[in-house]
Amino acid sequence: MGIDRAADAARLRRALAANPQDRVGWHNLAAAEGDLGHAAEAEAAARRALALGIPAPETRLVLARALQDLNRLDEAERMFEEALARRPTYPDAHRDLAQLRWMRTGVVSEALRALDDALRGAPREVPLHFVRSVAQEFTGDKPGALASAEAGLGFAPNDLQLLRAASHLCAELGQGSQAVAFARRAVAAAPGLAPVQITLCEAHLASGDIVQAEEIAARLCATNPNDQHPIAMRATAWRLLGDPRYESLYDYARLTHAGAVDAPLEELAMDLAALHRYRAHPFQQSVRGGGQLPLNAKELARPSIRALFDSLRAAVERHLARVGAGADPFRSRNTGRFAFAGAWSVRLSSGGYHTDHVHQRGWLSSAFYVSLPPVMKPEAAHAGWLRLGRPGITTQPPLEPDYRVKPEPGKLVLFPSYMWHGVEPFESDAPRLTVAFDALPA
């Protein structure tokens, strides 16, 4: 997306130089700059569109996101509210406002306030039920999230987002047969859609129908071999079936790396601590009990962060050279060259952890440890350790991690993006501060 959006932004700038009164063009430029992580440029373009009188709530949304990226959170919240004043049932604005309020406060009622008001006035607005379901799931209320999804399905029985959400939540709540039933309804509505097939595969894993899950995952891998999620699901089915192909796919000795990287840790820790501003985790991410900070162009330009990524680049190149070529989904794409495809920092507080997950659009994923509590309790449970191999989806029977890495300041861990990974919870008065990135083959 980055290359295409960069070309879009350049084209729009040329067009606006010839026609600077084009308010829609300024909006489109703001959206492109925002997608590229250029928050200051996005703000300037959005404000130009507003000054020219554009009425669209979409422009307010783009501006609000830019202000949030610039850490002007009060202004961002007001701009999300302005977008909703112009379109009270705008789902994207409701999601982003609920998420911002949740991350700032960690208070569920505050996160849901505007959304609940909108639903009281417009209970048939099906997308708002989906947004509420997402917000409830990631603020810790899975039964409530399922109830919201089912409420939306009462108005739109074939809504794919809601059917997939209901299937996923039933699986999470141990209701495997119900998960399959919702997934089959989604497949009946859109049989050829890959995300729907992923939902059905996950539902079969949750209900214990492993052979059928493996067949679906195999078809998904054949259709889109670079999608990391079906690879992970198929590996999970192989592990449950005792298939030796699992060990070759999750070959930790060959495909993972853990070692020290030269980085200015003290300066890096101070810079990242100053940038982190949220109390609670974002929606639809793996973090629990902490905040997540996107590392965009502005952050990556800081000397300490730039120095870290120079060292990370060299470490990744060495790892790719060591791994070499092969037939598996990781090594078959290894050219020895790569490009960073997104980076972020996570600050976990006491009790924090990561749920198990994969990076669906990644290839190589990572964890770099900046600073750690001097003691993480309970030590016997590998508190704060990185775990790999435990699925982030419900399986019957359940599976445990089959590989762990002890965190240490300055250590970089690399692994294929299709490997399930998470972080064990810990207790400490001091936070656990990390940086992570995804890479794609160049």
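# Briefing: salt bridges, one helix and enclosed spaces

E77 has a relative accessibility of 15% and therefore counts as buried, the cut-off for that class being under 20%. This residue belongs to a predicted model, in which 31 salt bridges are found. The points below take up some of these pairs, then helix α8, then two cavities and a pocket.

**Salt bridges**

- E77 pairs with R104 through their side chains, in a salt bridge with an N to O distance of 3.2 Å. The two residues are 27 apart in the chain and link distant parts of it, E77 lying in helix α5 and R104 in helix α6 (residues 91–105). Whereas E77 is buried, R104 is partly exposed at 26% relative accessibility.
- E75 makes a salt bridge with R47, and their closest N and O atoms are 3.8 Å apart. This pair also connects distant parts of the chain, from helix α5 (residues 73–86) to helix α3 (residues 39–51), across 28 residues. E75 is partly exposed, at 27% relative accessible area, and R47 is likewise partly exposed, at 35%.
- R239 and D402 meet in a salt bridge at 4.0 Å, N to O. Here 163 residues separate the partners: R239 is in helix α14, and D402 is in the loop between β5 (386–388) and β6 (403–405). The relative accessible area of R239 is 22%, so R239 is partly exposed; D402 is partly exposed too, at 31%.
- One network, joined by salt bridges that share partners, takes in D74, E77, E81, R101 and R104.
- As a general point, side chains of opposite charge can pair when their charged atoms come close.

**Helix α8**

- Helix α8 covers residues 126–138, 13 in number, and spans 19 Å from its first C-alpha to its last, close to the expected 18 Å.
- Of its 13 residues, 12 are buried, so the helix is mostly covered. Among them are V126, L128, F130, V131 and F138, and also the charged residues R132 and E137.
- The buried residues of α8 pack against four helices and a strand: α6, α7 (108–121), α9 (142–155), α10 (160–172) and β2 (287–294).
- After α8 comes G140, which has a positive phi, near 100°.

**Cavities**

- There are 2 cavities of 30 Å³ or more.
- The largest cavity has a volume of about 70 Å³. Its lining includes S167, H168, A171, E172, E202 and G392. Two elements, α10 and α12 (194–207), give two or more residues each to this lining, and α10 supplies the largest share, 4 residues. By class, the lining holds 4 nonpolar, 5 polar and 2 charged residues.
- The second largest cavity has a volume of about 30 Å³. D69, R277, L293, P294, N296 and E299 line this space, which gives 2 nonpolar, 1 polar and 3 charged residues.

**Second largest pocket**

- The second largest pocket has a volume of about 240 Å³.
- Its lining consists of 15 residues, and those nearest the centre are I231, W238, L249, D328 and P329.
- Helices α13 (210–223), α14 (228–241) and α15 (245–249) each contribute at least two residues to the lining of this pocket.
- The lining of the second largest pocket is made up of 8 nonpolar, 3 polar and 4 charged residues.

Notes:
Residues numbered from 1 in each chain as written. Predicted model: local features only at pLDDT ≥ 70, side-chain atom pairs only at ≥ 80, totals over all residues. Heavy atoms only, no water. 1 Å grid on protein atoms, 1.4 Å probe; cavity = no way out; pocket = protein on both sides within 12 Å on 5 of 7 lines; lining within 4 Å. Points joined across faces, edges and corners; volume = space filled by probe spheres on them. Buried < 20%, exposed > 50% of the residue type's maximum accessible area, 1.4 Å probe, protein only. Expected span 1.5 Å × (residues − 1). Contact = heavy atoms within 4.5 Å.
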